[in-house]
Amino acid sequence: VRLAKHLLEHSDDNHILSSTHQNIATELGSAREVISRQLKGLESKGYIEINRGTIKIWDITALQKLCSG
């Protein structure tokens with residue numbers, strides 16, 4: 001839930017977040033490995049696309065549903 005909120009809050013108007021897994025982990029007070037695993041899970045569901053240094057949100061509605069419980 002915290003990761004989904006972070007992605008939504010920090011993405012730009014094109015739904016792209018420019019950040020590294022380590023930066024996100026630091027901001028959320030988590031380990032990079034945990035964030036990487038969670039991002040990979042979101043990517044496998046088709047919610048996001050992970051590229052070097054950027055994360056593109058494809059399914060905003062799905063992330064919003066994760067945030068609301």
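Helices α2 and α3 sit roughly perpendicular to each other, and that is a handy place to start in this predicted model. Their axes come within 8 Å and cross at roughly 110°; since anything from 65 to 115 degrees counts as roughly perpendicular, the label fits. Two packed helices are described by the angle between their axes and the distance between the axes, and the handedness can be added here: α2 passes α3 in a right-handed crossing.

Who makes the contact? From α2 come His21, Gln22, Ile24, Ala25 and Leu28, while α3 brings Arg32, Ile35, Ser36 and Leu39. Sorted by type, the residues of this contact give 5 nonpolar, 3 polar and 1 charged.

Now stay with α2, residues 21–28, and look at its burial. Which residues of α2 are buried? They are Ile24, Ala25 and Leu28, and each of these also appears in the contact with α3. Around the helix axis they cover an arc of only 100°, so they end up on the same side of α2. The general rule behind such a pattern is that an α-helix has 3.6 residues a turn, so residues three or four places apart point the same way. The cover over the buried residues of α2 includes α1, β1, α3 and β3. Turn to the face pointing away from that buried side and you meet Thr26 and Glu27, both exposed. Just after the helix, glycine 29 takes a positive phi of about 70°.

Helix α4, residues 60–68, can be read in the same manner. Its buried residues are Ala62, Leu63 and Cys67. Looking down the axis of α4, you find them within an arc of 145°, so they line one face of the helix. Those buried residues pack against α1 (2–10), α3 (32–44), β2 (48–51) and β3 (54–57). On the other side of α4, Lys65 and Ser68 are exposed. A glycine follows this helix too: glycine 69, with a positive phi near 105°.

One last stop is a loop. Where is aspartate 12? Look between α1 and β1 (16–18). Aspartate 12 is partly exposed, having a relative accessible area of 38%; that value falls between the 20% limit for buried and the 50% limit for exposed. To tie this back to the start, take arginine 32, one of the α3 residues in the contact with α2. Aspartate 12 and arginine 32 are 20 residues apart in sequence, and their C-alpha atoms are 22 Å apart in space.

Terms used: Residues numbered from 1 in each chain as written. Predicted model: local features only at pLDDT ≥ 70, side-chain atom pairs only at ≥ 80, totals over all residues. Heavy atoms only, no water. Buried < 20%, exposed > 50% of the residue type's maximum accessible area, 1.4 Å probe, protein only. Helix = DSSP H or I, 4+ residues; strand = E, 2+ residues; numbered from the N terminus. Arc of directions from axis to C-beta. Contact = heavy atoms within 4.5 Å. Axes fitted to C-alpha atoms, helices over the stretch in contact; angles between N-to-C directions. Parallel < 35°, antiparallel > 145°, perpendicular 65-115°, else oblique. Left-handed = near helix turned anticlockwise from the far one by under 90°. Nonpolar A, V, L, I, M, F, W, Y, C, P; charged D, E, K, R; others polar.
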